[in-house]
Amino acid sequence: MEDDMPIDGANGAGPASRPTLTDVGHLAGVSAQTVSRYLTGASYVGKETGARIQKAIDALGYRPNRLARSLQIGRADTVGVLTSAPLNYGAAQTLSGLSFAAHDADITLITAHLTASNPQPPEATRALERFLSMRVDGIVVSARVEGLERVLERSVRNEVPVVAITGRPLPSTGTVGADSYAAGRAVMGHLLQLGHRSIAFLSGPRDSVESQERERAYYDMVAEAGANLLPVMTGGDWTGAAGFEAGRRVDFTTFTAVFAADDELALGFAAAARERGFSAPHDYSLAGIDDMPEARYFAPPLTTARLDFVSLGRRAFEVLQHAIRTGEQHPHVVESPELIIRDSTGPVSG
């Protein structure tokens with residue numbers, strides 16, 4: 001029976017030991033089973049009763065035993081997230097989006113960070129198996145792993161839902177990705193519209209799906225426009241240092257514009273160009289992808305295709321939660337880009 005009882009003035013500071021369900025029920029005037037139903041949502045608890053229970057929880061500082069709750073409802077309210085080095089701007093923002101969404105849903109994230117820049121299957125397999133040993137409800141893979149589908153088949157074996165953050169769909173795994181191909185087309189379309197016909201492409205890591213998709217957009221747009229196809233400059237990674245090295249080596253007489261695979265590469269390239277006496281947009285145009293917060297403060301401010309990586313992380317979490325609740329796998333979900341035009345691009349000079 002759930003008799004109304006006042007909560008204010010509950011015997012001073014409450015019990016000295018950690019409060020229990022029974023303590024909360026006693027203060028709220030309900031049974032421990034009713035408190036449990038309120039916390040788990042296993043069955044309906046009236047609005048007024050729920051308010052009394054919550055007030056008792058707050059007064060006592062009660063913290064639910066998550067392990068006991070997970071055994072009761074068959075869920076751990078825990079998600080594993082697999083990441084890999086380096087955590088560049090996009091990867092870090094995606095992880096932030098995952099964290100924000102998990103916080104809003106009261107879900108705990110357990111993160112395993114693979115230290116290798118190109119993690120091999122055994123390292124990824126060990127991390128995934130540790131997640132399973134922790135009884136996670138699902139896994140988000142935000143790491144470049146060679147042969148990811150085979151790794152998941154061997155280690156996870158459909159024990160829990162998995163969502164991979166990648167620019168390309170995978171046949172048997174839910175995927176969420178930023179539309180790098182569309183971003184590349186947006187940047188190239190802008191440069192071509194300005195009259196550039198000799199556009200150089202500065203790539204990211206050669207094994208990165210995102211870099212490959214941006215390079216594919218470069219080739220397709222050059223072919224469609226009948227523009228000059230130039231040798232790709234290989235940055236090697238996503239850093240400003242890689243862009244700087246590319247800028248030191250390139251022949252500036254061979255192009256009128258540079259499409260960098262990300263903003264950090266563009267920043268490094270611009271620094272090397274200035275050292276050699278070239279500045280954008282007077283001597284060449286320069287554009288990137290990401291729209292990292294610093295892009296507007298580059299010298300000059302950088303034209304770029306914005307990809308909302310925080311939203312990408314949130315979407316990945318939502319897709320995983322849907323799979324956990326329903327067992328259904330979404331088709332490939334993409335985040336679309338937005339072209340941001342700033343002062344680093346302009347019409348072909350001369």
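What percentage of the 350 residues of the protein count as buried? In this predicted model, 48% of them do. The exercises below work through the rest of the fold.

**Exercise 1. Take stock of the secondary structure and the contacts.**

Step 1. Count the elements. The protein has 12 helices and 12 strands.

Step 2. Look at the contacts with a sequence separation of 6 or more. Residues 24 or more positions apart account for 72% of them.

**Exercise 2. Trace the parallel sheet and find its edges.**

Step 1. Write down the strand order. Six strands run β2-β1-β3-β4-β5-β11 in an open sheet. The pairing is parallel.

Step 2. Find the strands that pair on one side only. These edge strands are β2 (108–114) and β11 (333–335).

Step 3. Check the twist. With direction ignored, neighbouring strands of this sheet are turned by 20° against each other on average.

**Exercise 3. Place β5 between its partners and decide whether it is buried or exposed.**

Step 1. Start with β4. Strand β4 (residues 162–165) pairs with β5 in the parallel sense, over three bridges. Ile 165 has Val 176 in β5 as its bridge partner.

Step 2. Go to the other partner. Strand β5 (residues 174–178) is joined to β11 by three bridges, and the two run parallel. Gly 177 stands opposite Val 334 in β11. Ala 178 stands opposite Glu 335 in β11.

Step 3. Sort the residues by face. In a regular strand the side chains alternate between the two faces of the sheet. On one side of β5 are Gly 174, Val 176 and Ala 178; on the other are Thr 175 and Gly 177. All are buried, and both faces are covered.

Step 4. Conclude. Five of the five residues of β5 are buried, so β5 is largely enclosed by the rest of the structure.

**Exercise 4. Trace the mixed sheet and find the helix that packs on it.**

Step 1. Write down the order. Six strands form an open sheet, β7-β6-β8-β9-β10-β12, with mixed pairing.

Step 2. Name the edges. They are β7 (233–234) and β12 (338–340), each pairing on one side only.

Step 3. Examine one pair. Strand β9 (residues 285–290) and strand β10 (residues 303–306) pair in the parallel sense over four bridges. Ile 289 has Ala 305 in β10 as its bridge partner.

Step 4. Add the helix. Helix α9 packs on this sheet and touches β6 (199–203), β8 (257–260) and β9. The direction of α9 makes about 170° with that of β6.

**Exercise 5. Describe how α8 packs against α9.**

Step 1. Choose the descriptors. Two packed helices are described by the angle between their axes and the distance between the axes.

Step 2. Read off the values. Helix α8 (residues 180–193) and helix α9 (residues 209–225) pack at about 40°, with axes 8 Å apart.

Step 3. Classify the angle. Angles under 35 degrees would count as roughly parallel, and 65 to 115 as roughly perpendicular. The angle of about 40° therefore makes α8 oblique to α9. The crossing is right-handed.

Step 4. Look at the residues in contact. On the α8 side they include Tyr 181, Arg 185, Met 188 and Leu 192. On the α9 side they include Glu 213, Arg 214, Ala 217, Tyr 218 and Met 221. The contact residues divide into eight nonpolar, three polar and seven charged.

**Exercise 6. Find the unusual backbone geometry in the loops.**

Step 1. Recall the usual case. Most residues other than glycine have a negative phi, and most peptide bonds are trans.

Step 2. List the cis bonds. One joins Ala 280 and Pro 281, with omega about 0°. Pro 281 is in the loop between α11 (263–275) and β9. Another runs from Ala 299 to Pro 300, with omega near 0°. Pro 300 is in the loop between β9 and β10.

Step 3. List the positive phi values. Arg 135 has a phi of about 65° although it is not a glycine. Arg 135 lies in the loop between α6 (121–133) and β3 (138–142). Asp 291 has a phi of about 60°, and it is not a glycine either. Asp 291 is in the loop between β9 and β10.

Step 4. Judge the surroundings. Buried means under 20% relative accessible area. Asp 291, at 8%, therefore counts as buried. Arg 135, at 48%, counts as partly exposed.

Methods: Residues numbered from 1 in each chain as written. Predicted model: local features only at pLDDT ≥ 70, side-chain atom pairs only at ≥ 80, totals over all residues. Heavy atoms only, no water. Axes fitted to C-alpha atoms, helices over the stretch in contact; angles between N-to-C directions. Parallel < 35°, antiparallel > 145°, perpendicular 65-115°, else oblique. Left-handed = near helix turned anticlockwise from the far one by under 90°. Contact = heavy atoms within 4.5 Å. Nonpolar A, V, L, I, M, F, W, Y, C, P; charged D, E, K, R; others polar. Pairing = 2+ DSSP bridges. Buried < 20%, exposed > 50% of the residue type's maximum accessible area, 1.4 Å probe, protein only.
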